[in-house]
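Student: Please take me through a close look at one side chain of this model, and then set it among other places along the chain.

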Amino acid sequence: RSWTNQIPTGYEGTAFQGIYSPDGVNVWATGGSNDGLATILKSGDGGLTWLRQTNGDVNLAAALLGISAVDANSAWTVGGNPDGGYVVLHTGDGGSNWTNLYSFGFGDANDVSAANGSAVWVACDSQILRSTDGGQSWDGPSSPPYTMGISAVSSEEAWAVVNAETTRSGSILHTS
């Protein structure tokens with residue numbers, strides 16, 4: 001019935017694109033550049049206060065579009081790197097440190113969904129990526145270009161949506 005804006009001061013102009021809460025208390029929000037760096041904010045108190053998260057690997061992202069977490073410590077975020085490819089970042093320590101797990105391809109990584117600590121799916125402009133080992137290795141199941149959203153059920157099952165504006169044929173995809 002109602003929404004409360006909980007954006008921290010100084011981030012009003014940020015182009016936010018992703019948000020995820022694994023438990024209603026811990027919340028991550030991602031977006032475009034604010035001060036020249038892609039934005040990752042985390043709240044550990046249900047959005048009352050926010051902490052900017054960044055390190056050397058996060059600086060490789062021009063914008064972060066999607067985020068998914070399995071708990072308060074383990075999260076993945078995706079977006080685009082300054083060279084025009086996609087980037088996948090992971091934290092295992094609540095966001096104190098982020099590791100670049102994948103930086104390649106053409107276009108942006110648009111969305112990420114972690115079914116658990118091992119099964120992670122990423123929807124990209126040019127393909128879908130899947131990891132069954134927490135992002136240490138990736139395969140690229142076939143998919144149409146401009147896959148914009150993904151929801152993982154397991155390492156074998158996921159749902160995805162394809163943008164009709166760019167492909168002229170929108171799709172709701174399922175794999176098992």
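Tutor: The side chain of Arg-130 reaches the backbone oxygen of Ser-155 at 2.9 Å, a polar contact in the sense of N or O atoms within 3.5 Å, one able to donate a hydrogen and the other to accept it, with residues adjacent in sequence counted only if both atoms are side-chain atoms. The side chain of Arg-130 is also joined to that of Glu-156, through a polar contact of 3.5 Å. This is a predicted model, in which local features need pLDDT of at least 70 and side-chain atom pairs count only at pLDDT 80 or more, while totals for chains, interfaces and linings use all residues. Residues are numbered from 1 along each chain as its sequence is written, and side-chain values use heavy atoms, with hydrogens and water left out.

Arg-130 belongs to strand 11, which covers residues 128–131 (strands are DSSP runs of E with at least two residues, helices runs of H or I with at least four, both numbered from the N terminus). Why does Arg-130 count as buried? Its relative accessibility is 16%, and buried means under 20% relative accessible area, with exposed over 50% and partly exposed in between (1.4 Å probe, protein chains only), so Arg-130 falls in the buried class.

Two asparagines are buried as well, and each is found in a loop. Asn-81 lies in the loop between strand 6 (75–80) and strand 7, and its relative accessible area of 11% explains why Asn-81 is classed as buried. Once its neighbours within four places in sequence are set aside, Asn-81 is in contact (heavy atoms within 4.5 Å) with Leu-60, Ala-61, Ala-62, Tyr-86, Val-87, Ser-103 and Phe-104. From Asn-81 to Asp-108 the C-alpha to C-alpha distance is 7.8 Å, although 27 residues separate the two in sequence.

Asn-26 is found in the loop between strand 1 and strand 2 (27–33), and because its relative accessibility is 12%, Asn-26 counts as buried. Residues up to four places away in sequence not being counted, Asn-26 touches Tyr-20, Ser-21, Lys-42, Ser-43, Gly-44 and Ala-72.

Ser-21 therefore deserves attention beside Asn-26, since the side chain of Ser-21 reaches the backbone oxygen of Asn-26 at 2.8 Å and since Ser-21, at 30% relative accessibility, counts as partly exposed. Like Asn-26, Ser-21 sits in the loop between strand 1 and strand 2. A polar atom of the Ser-21 side chain also lies 2.7 Å from the backbone nitrogen of Gly-24. With neighbours within four places in sequence left aside, Ser-21 is in contact with Asn-26 and Val-27.

From the same serine one can step along the chain to Asp-93, which is 72 residues from Ser-21 in sequence and 16 Å from it in space, C-alpha to C-alpha. Asp-93 occupies the loop between strand 7 (86–91) and strand 8 (99–104), and its relative accessible area of 34% makes Asp-93 partly exposed. The side chain of Asp-93 forms a polar contact of 2.8 Å with the side chain of Thr-91. Between the C-alpha atoms of Asp-93 and Ala-38 the separation is 19 Å, with these positions 55 residues apart along the chain.

Gly-10 offers a further point of reference, placed in the segment before strand 1 and partly exposed at 47% relative accessibility. Its C-alpha atom is separated by 21 Å from that of Asn-26, 16 residues apart along the chain.

As for the protein that holds these sites, its secondary structure comes to 1 helix and 14 strands. The radius of gyration is 15 Å, close to the 16 Å that the globule rule gives for 176 residues, so the protein is as compact as a globular protein of that length; the radius is taken over C-alpha atoms, and the rule is 2.2 Å times the number of residues to the power 0.38. Along the principal axes the C-alpha trace spans about 40 × 40 × 30 Å. Buried residues, Arg-130 being one of them, make up 44% of the 176 residues. Of the contacts between residues at least 6 apart in sequence, 35% join residues at least 24 apart.
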